[in-house]
Amino acid sequence: MTWFRALFGEKQSLHRSLVVHVLIAITCCIALAATILTSEFWEHLEENLNDELTREAREIAAQLTPDAPDLGLNPDTIRFRGDEGAFRYTVYDEMGVAIVGGEHPANLAPRLSGGVLNRPEIFDLGGGRVGAAIMTEVWGQRYIVLASTQVVDPKNDEYVDDLLHEVTEELHWVGVGILAILMAAVLATRRTLRAIGPVSRQARHIGPGTGTVQLSTENLPTEILPLVRAVNEAFARLESGYQAQRDFSSNVAHEVRTPLAVLRSTIDRINDAELRKTLNRDIAPLEQIFEQLIDLSRAEALGVSTFEPVNLHEIAVQLACDLGVGAMKQGKQLAVIGDMDVVVRGHAGLLRIALGNLVRNAINYTTEAGEIEIEVTAVPDGWRVLDRGPGVPDTQKTLLFQRFQRGASADKAGSGIGLAIVKSVADAHRATVSVTDRDGGGSIFTFAFEGDLAACKEEVS
């Protein structure tokens, strides 16, 4: 559920882990609060009972009249007779001898005598009864007043209802507090993890051509900083490795281009025209493979820092003009169709090489005279090259863009590098390249840009 993931985060995420642990802590707090509330309830229940008994004893003590019969009290009332009354009252002299009342526990006198005036004492009278005794002095004579009652069983429904009412009333506020804590935990978690989002987006756009770009450590939690710094160090090591590869490719290009040029010059000085023609024909594939390897190396080393606005329609038109004459000699025509104002950010030179490889591939493998279309698309931005060749079997459509892979129907000389260059250029531009069947025969090669390269450049700069 969307709301559940928004609140608790994705499975195995740090967000969910933090929220779950907060919930566990809250659950423990609830159990502890319930235990404390229950304990407090029984404690206050006992205190309230003792206070009530003390008040009753003081009230009786205030009514004593020494010169009146039965000290001015009515011994016939229920509470003095001691049967069925909620409370029992008994008045003793200072030696503990009962004067009026119905409470006559054994060995009570020793416990009552020697008391301090007006200081209540709580006694366990046995048999589940408890009492509060207070010594008072009236007209120079001392008396002990005892108010007692039967302690009700804690399992009594009335007490349980009171307990539940008390706990429920308190837990209502505890629930409000728990909800507030949970919401605060969720907000704090999301706020803390919010700083990770920009770092993730930065990492998504870092590649071999982005230079020494590093992930930002601004506003990151201190627990995550060591990981980000370690990743930045790894990026630096990878960039160093890629730079070494680029330097190697550059050196190879310099070292190989010169001998090829010398060899070509030597061949041109040969007097035998037939031999010269044969040697030039033999060296041409070698030069083509070398140039393709250089193009492939440039594509793999391409970085977004070299990108600029490129009009895809203009590249298609220029390429059609350059390759059109050669195509016409083979009885084929090139046509540019589609949108005329599609602009992306990219490397114009390598994009032209990639499209050129697709178009030359279409020219070479179109077996009959006909028209090859270069369609410029706006949704998504890119090109489609439509030919009338033999098509590509489904089992080879993915392998076709790997290095040195050629279609099973290929009967033309080639190195199998051309489409690998197209794939490398596409990868460098966050684009995709694919091949599908064309209605009526042939293939459709699609070069499609997936994202906003301007945004990519801004994030990694």
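**A five-stranded sheet and its aromatic neighbours**

Strand 3 and strand 4 make a hairpin with two residues between them, and Gly127 in that turn has a positive phi of about 70 degrees. This comes from a predicted model, so please read every value below as computed from that prediction. The hairpin belongs to an open, antiparallel sheet of five strands, and a search of the whole structure also turns up four aromatic pairs. Here is a short tour of both.

**The sheet as a whole**

- Reading across the open sheet, the five strands come in the order 2-1-5-4-3, with antiparallel pairing.
- Strand 2 (98–101) and strand 3 (121–126) are the edge strands, each pairing on one side only.
- On average, neighbouring strands of this sheet are turned by 25 degrees against each other, with direction ignored.

**Strand 3 with strand 4**

- Five bridges pair strand 3 with strand 4 in the antiparallel sense.
- If you would like a place to start looking, Asp124 has Val130 in strand 4 as its bridge partner.

**Strand 4 with strand 5**

- Strand 4 (residues 129–138) and strand 5 (residues 141–150) run antiparallel and are joined by 10 bridges.
- Gly131 stands opposite Ser148 in strand 5.
- Ile134 has its own bridge partner in strand 5, namely Val145.
- These two strands also form a hairpin with two residues between them, where Trp139 takes a positive phi near 55 degrees.
- Strand 4 is mostly covered, with nine of its 10 residues buried.

**Aromatic pairs**

- Of the four aromatic pairs found in the whole structure, one joins Phe80 and Tyr89: their ring centres are 5.6 Å apart and their planes meet at 65 degrees, an edge-to-face arrangement.
- The pair is called edge-to-face because its angle of 65 degrees falls in the class for planes over 60 degrees apart.
- Phe80 has a relative accessibility of 8%, so this residue counts as buried, the cut-off being under 20%.
- Its partner Tyr89 has a relative accessible area of 5% and is therefore buried by that cut-off.
- Elsewhere in the sequence, ring pairs link Trp383, Phe447 and Phe449 into a cluster.

**Worth a look in the viewer**

- For the turns, find Gly127 between strand 3 and strand 4, then Trp139 in the hairpin of strand 4 and strand 5.
- For the rings, bring up Phe80 with Tyr89, and then the cluster of Trp383, Phe447 and Phe449.

Definitions and conventions:
Residues numbered from 1 in each chain as written. Predicted model: local features only at pLDDT ≥ 70, side-chain atom pairs only at ≥ 80, totals over all residues. Heavy atoms only, no water. Phe/Tyr/Trp six-rings, centres within 6.5 Å; stacked < 30°, edge-to-face > 60°. Buried < 20%, exposed > 50% of the residue type's maximum accessible area, 1.4 Å probe, protein only. Pairing = 2+ DSSP bridges. Helix = DSSP H or I, 4+ residues; strand = E, 2+ residues; numbered from the N terminus. Axes fitted to C-alpha atoms, helices over the stretch in contact; angles between N-to-C directions.
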